[in-house]
2 protein chains.
Amino acid sequence: MNRYRFEDIKVGLKASFTVKITEEMMNSFRNITGDINPLHTDDDFAVKKGFEGKVAYGMLTASFLSALAGVYLPGENSLIRQVEVKFKKPVFPGDELTVTGEVSDVNEEFKIFDMKVTVVNASGDKVLRGTMQMGVLDA
Amino acid sequence: MNRYRFEDIKVGLKASFTVKITEEMMNSFRNITGDINPLHTDDDFAVKKGFEGKVAYGMLTASFLSALAGVYLPGENSLIRQVEVKFKKPVFPGDELTVTGEVSDVNEEFKIFDMKVTVVNASGDKVLRGTMQMGVLDA
């Protein structure tokens, strides 16, 4: 786990990791949230809606931003203040995703920083992009 | 599960449900995401950082927006396009949260709508507020 302090955070600092979306994650996410929508459980339903098969929960993909912040950037001293995400392409169970954050703005006065976030699949398609506003609890 | 069609979606339409944040949800969310940050597992660490005890994952609270959209509003025909959330107050395991969405804008031309979302704890504190931009797959 990284332990960046606020003074270590500079524009351009990056972190990245890769994760595979599994059926087990899909089941756990459904159990946690109660989101029983058939788009995420029923291939036939998803095909009727225009997808190649059942689609991973968008908010499951977004949930990896928790680890991006809490483990990688800034890591231990992380406090997420704000998250904005756009879902650009569907994600499917089995997809391998690369989650990346890059510091885009540092506000010394309020001790917060912004990072641009992207999630890219193994074909190189950007499936999610967004911004997180972070606090650093290094006191 | 609701099955609103696009023509049913009107400004002011609301949906709401209540959920209790459990230790089991915390463990499942950590297993899914790999976010092992001690703020969410270690009371002493969280107290040192200024909280009354270990804090629920912000992105866990946000993950209930998946059910808000996929089960309630619009329900079965849901497709989340964009999510923006601000974490206003900490959530703790054991907290009972009320998740509410209210349609704030309908774009007939592009068949999308916006909803304002709030998550409120049992003390009436708004712990999360934000906006979701939704598509309706009712074709």
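**View 1. Helix H3 of chain A, end to end.** Let's start with helix H3 of chain A, which runs over residues 58-72 and has 15 residues. From its first C-alpha to its last, the helix reaches 21 Å, close to the 21 Å expected at 1.5 Å a residue. Bear in mind that this is a predicted model. As for its surroundings, H3(A) is mostly covered, with 15 of its 15 residues buried.

**View 2. Leucines in the nonpolar core.** The largest nonpolar core counts 81 residues. Which of them touch the most other members? Those are Leu65(A) and Leu68(A), along with Leu65(B) and Leu68(B). In soluble globular proteins, nonpolar side chains tend to be buried together. Zoom in on Leu68(B) and skip its neighbours within four places in sequence: you'll find contacts with Ala15(B), Leu73(B), Val99(B), Gly101(B) and Val117(B).

**View 3. Where chain A meets chain B.** Each side chips in to this contact: 35 residues come from chain A and 35 residues from chain B. On the chain A side, helix H1 (23-33), H3 and S2 each supply at least two residues. H3(A) gives the most, with 10 residues. Sort the chain A side by class and you get 18 nonpolar, 11 polar and 6 charged residues. The copies meet through the same surface, because 100% of the interface residues of chain A are also interface residues in chain B.

**View 4. Strand S2 against strand S2.** Here S2(A) pairs with strand S2 of chain B (residues 78-87). The pairing is antiparallel and runs over 5 bridges. Look for Glu84(A), which stands opposite Glu84(B) in S2(B).

**View 5. Down at the rotation axis.** How do you lay chain A on chain B? A rotation of 180 degrees does it, with 0.0 Å of shift along the axis and an RMSD of 0.0 Å. The two copies are therefore related as by a two-fold rotation axis. Which residue of chain A comes closest to that axis? It's Glu84(A), with its C-alpha at 2.1 Å. This is the glutamate that sits opposite Glu84(B) in the strand pairing.

**View 6. Gly94 in its loop.** Gly94(A) belongs to the loop between strand S2 (78-87) and strand S3 (96-107) of chain A. Is this glycine buried or exposed? Gly94(A) is exposed, because it has 12 other C-beta atoms within 10 Å, and a residue with 12 or fewer counts as exposed. Val19(A) also belongs in this view: it is 75 residues away from Gly94(A) in sequence and 9.9 Å away in space, C-alpha to C-alpha.

Definitions and conventions. Residues numbered from 1 in each chain as written. Chains lettered and ligands numbered in written order. Predicted model: local features only at pLDDT ≥ 70, side-chain atom pairs only at ≥ 80, totals over all residues. Helix = DSSP H or I, 4+ residues; strand = E, 2+ residues; numbered from the N terminus. Buried ≥ 20, exposed ≤ 12 C-beta atoms within 10 Å, placed from the backbone. Expected span 1.5 Å × (residues − 1). Core = buried A, V, L, I, M, F, W, Y, C linked by C-beta atoms within 7 Å. Contact = placed C-beta atoms within 7 Å. Least-squares fit on C-alpha atoms with pLDDT ≥ 70 in both. Nonpolar A, V, L, I, M, F, W, Y, C, P; charged D, E, K, R; others polar. Pairing = 2+ DSSP bridges.
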